[in-house]
Amino acid sequence: MLALTVDPLPPLAAFNVAGEVFVTSNICTHNIAMLTDGYFEGNIVECPMHGGCFNVKTGEATEFPCEEPLKTYPVAIDGEDVLVEIED
Ligand code: FES
């Protein structure tokens, strides 16, 4: 996993799931913690603060105390670049 900064968005995180890239908010929805400081396996990221988990493909909160989903962002690959789609 990799922390990303894409102006003007909040901190983002990119995850490689079996060769496919997914981008989500990097801020845990339970409190203030950077998910890229946590643990990532398969398609699940575990928050370093209280152990809540999210599915990085869908943003779904999968482990208490996280209940609110993560924001996810559509991505496209252009050569070696990962393009993040920003809503208007
Ligand atoms: S801040 Fe992430 S689980 Fe509490």
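Let me begin with one residue, A18, which is exposed, having 6 other C-beta atoms within 10 Å. By exposed I mean that 12 or fewer other C-beta atoms lie within 10 Å of a residue's own, whereas 20 or more make it buried and anything in between partly exposed, with C-beta atoms placed from the backbone. A18 sits in the loop between β2 and β3, and its phi is near 55°, a positive value in a residue other than glycine. For background, most residues other than glycine have a negative phi, and most peptide bonds are trans.

Before going further, I should say that this is a predicted model, in which local features need pLDDT of at least 70 and side-chain atom pairs count only at pLDDT 80 or more, while totals for chains, interfaces and linings use all residues. Residues are numbered from 1 along each chain as its sequence is written.

As for the overall architecture, the protein has zero helices and ten strands, where helices (H or I, at least four residues) and strands (E, at least two) are DSSP runs numbered from the N terminus. Its radius of gyration, taken over C-alpha atoms, is 12 Å, close to the 12 Å that the globule rule (2.2 Å times the number of residues to the power 0.38) gives for 88 residues, so the protein is as compact as a globular protein of that length. The C-alpha atoms fill a box of roughly 35 × 30 × 20 Å along the principal axes, and buried residues make up 24% of the 88 residues.

Now to the sheets, where I count two strands as paired if DSSP finds at least two bridges between them. One open sheet has four strands in the order β1-β2-β3-β8, with antiparallel pairing. Here β1 and β8 stand at the edges, each with a single partner strand, so one side of each is left without a neighbour in the sheet. Within this sheet, β2 and β3 pair in the antiparallel sense over six bridges, and the bridge partner of F15 in β3 is F22.

Another open sheet of four strands runs in the order β4-β5-β6-β7, again with antiparallel pairing. Its edge strands are β4 (39-41) and β7 (61-63), each of which pairs on one side only. β4 and β5, the latter covering residues 44-46, pair over three antiparallel bridges, and Y39 has E46 as its bridge partner in β5.

What lies in the largest nonpolar core? A nonpolar core is a set of buried Ala, Val, Leu, Ile, Met, Phe, Trp, Tyr and Cys residues joined through C-beta atoms within 7 Å. The largest such core has 16 residues, and those with the most contacts inside it are F15, L35, V45, F54, V56 and C66. β2 (12-17), β3 (20-25) and β6 (53-55) each supply at least two residues of this core, and the largest share, three residues, comes from β2. V45 touches M1, F15, L35, G38, F40, C53, F54 and V56, leaving aside residues up to four places away in sequence, a touch being a contact in which the two C-beta atoms, placed from the backbone, lie within 7 Å.

Finally, two prolines deserve a mention. The peptide bond from D7 to P8 is cis, with omega near 10°, and P8 lies in the loop between β1 (2-4) and β2. The peptide bond from F64 to P65 is likewise cis, with omega near 15°, and P65 lies in the loop between β7 and β8 (72-73).
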